[in-house]
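Q: Please take a close look at one part of this model, the open sheet, and describe what lies around it.

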Amino acid sequence: MDSISLLGIRIDKITFPTAMEAVKDFIESGTPHIIVTADASAVVIAQEDKVLAEIINSADLVTPDSSGIMIASKWYGSPLPQKVSGVDLAVEMADLAAREGYPMFLLGAAPGVAEEAARELVRRYPPLKIAGVRDGFFTDESEVVQAVAASGAKILLVAMGIPRQEKFIAGNMERMGISVGMGVGGTFDVLSGRVTRAPQWMRRHGLEWVHRLASNPKKITKVATLPRFLWMVLVDRLRRI
């Protein structure tokens with residue numbers, strides 16, 4: 001699979017349909033795979049968190065999940081074909097799981113949120129089998145790993161924020177027996193209806209960050225990584241001239 005490197009972090013050149021083809025292949029293989037949906041904050045964090053950087057660069061699939069990533073790819077003269085967000089991938093995975101009979105486990109977010117997200121996914125795709133749900137507030141990681149393993153889940157969505165979710169998946173994939181593990185950030189909050197997603201026109205124009213900040217000013221720290229990321233990319237490009 002073709003990819004580009006942004007500040008030393010791999011991003012795959014992939015479209016939504018080919019991403020879903022890869023997901024199905026991963027599940028049918030019966031072996032563990034990790035998918036990372038990389039946004040600007042992930043790349044920024046990975047500059048100092050070498051464990052996260054290694055996880056991303058060795059992941060089975062790394063999708064571009066922000067307008068910042070898309071803009072940066074153009075600055076490097078190697079534009080990515082399409083934004084492939086974690087929210088959209090999670091929903092399409094649920095659709096695939098419902099059609100093919102793959103059990104899915106939802107882990108993370110605040111108490112009650114994963115349950116609400118699971119109910120919404122089942123409402124949309126009635127055949128979907130939810131193997132289990134669990135919030136992200138736990139201290140005994142081994143207990144959670146055992147719960148996922150016992151559930152028989154093939155797909156694990158983890159909403160615990162970057163880099164905790166990626167490190168949890170990467171460190172426990174083999175023991176959990178999953179075929180696909182993906183960190184999904186705030187996806188459960190969106191699916192549960194607790195957080196509204198930006199309108200389609202804002203998403204098309206790369207303005208989700210405006211909606212995110214207007215909806216929750218506490219997100220300023222995460223939103224602030226976008227200009228920092230773009231500045232880092234600009235400096236890197238100028239150094240290469």
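A: The sheet comes first, followed by the cores, two single residues and a pair of helices.

The model is predicted, so local features need pLDDT of at least 70 and side-chain atom pairs count only at pLDDT 80 or more, while totals for chains, interfaces and linings use all residues. Residues are numbered from 1 along each chain as its sequence is written, and side-chain values use heavy atoms, with hydrogens and water left out.

Six strands form an open sheet in the order β4-β3-β8-β7-β5-β6, with parallel pairing. Strands (E, at least two residues) and helices (H or I, at least four) are DSSP runs, numbered from the N terminus; two strands pair if DSSP finds at least two bridges between them. β4 (61-64) and β6 (130-134) stand at the edges with a single partner strand each, so one side of each has no neighbour in the sheet. From one strand to the next, the twist averages 15 degrees. Angles here run from 0 to 180 degrees between N-to-C directions, and axes are lines fitted to C-alpha atoms, for helices over the stretch in contact.

Helix α1 (residues 16-29) packs on this sheet and touches β3 (33-38), β4, β7 and β8. The direction of α1 makes about 155 degrees with that of β3. Contact means heavy atoms within 4.5 Å.

Two of the pairings can be followed by residue. β3 and β4 pair in the parallel sense over four bridges, and Thr37 stands opposite Thr63 in β4. Strand β7 (residues 155-159) pairs with strand β8 (residues 180-183), also in the parallel sense over four bridges; there Ile155 stands opposite Val180 in β8. On the edge strand β4, Leu61 and Thr63 point one way and Val62 and Pro64 the other way, and all are buried. Buried means under 20% relative accessible area, exposed over 50%, and partly exposed in between (1.4 Å probe, protein chains only).

Next come the cores. A nonpolar core is a set of buried Ala, Val, Leu, Ile, Met, Phe, Trp, Tyr and Cys residues joined through side-chain atoms within 4.5 Å. The largest has 42 residues, and those with the most contacts inside it are Leu6, Ile11, Leu107, Leu156, Phe168 and Phe229. Leaving aside neighbours within four places in sequence, Phe168 is in contact with residues including Leu107, Phe138, Leu156, Val158 and Met176.

Met173 lies in helix α8 (residues 164-176) and is buried, with a relative accessible area of 13%. Met173 and Leu156 are 17 residues apart in sequence and 9.6 Å apart in space, C-alpha to C-alpha. Not counting residues up to four places away in sequence, Met173 touches Pro32, His33, Ile34 and Ile178.

Pro111 is found in the loop between β5 (104-108) and α6 (113-124). Pro111 is exposed, with a relative accessible area of 52%. Its contacts, leaving aside neighbours within four places in sequence, are Asp135, Phe137 and Arg194.

Last is a helix pair. Helix α4 (residues 67-75) and helix α13 (residues 225-240) pack at an angle of about 10 degrees, with their axes 10 Å apart. That makes α4 roughly parallel to α13 (angles under 35 degrees count as roughly parallel, over 145 as roughly antiparallel, 65 to 115 as roughly perpendicular and the rest as oblique). Among the residues making the contact are Ile69 and Trp75 of α4 and Phe229 and Arg237 of α13.
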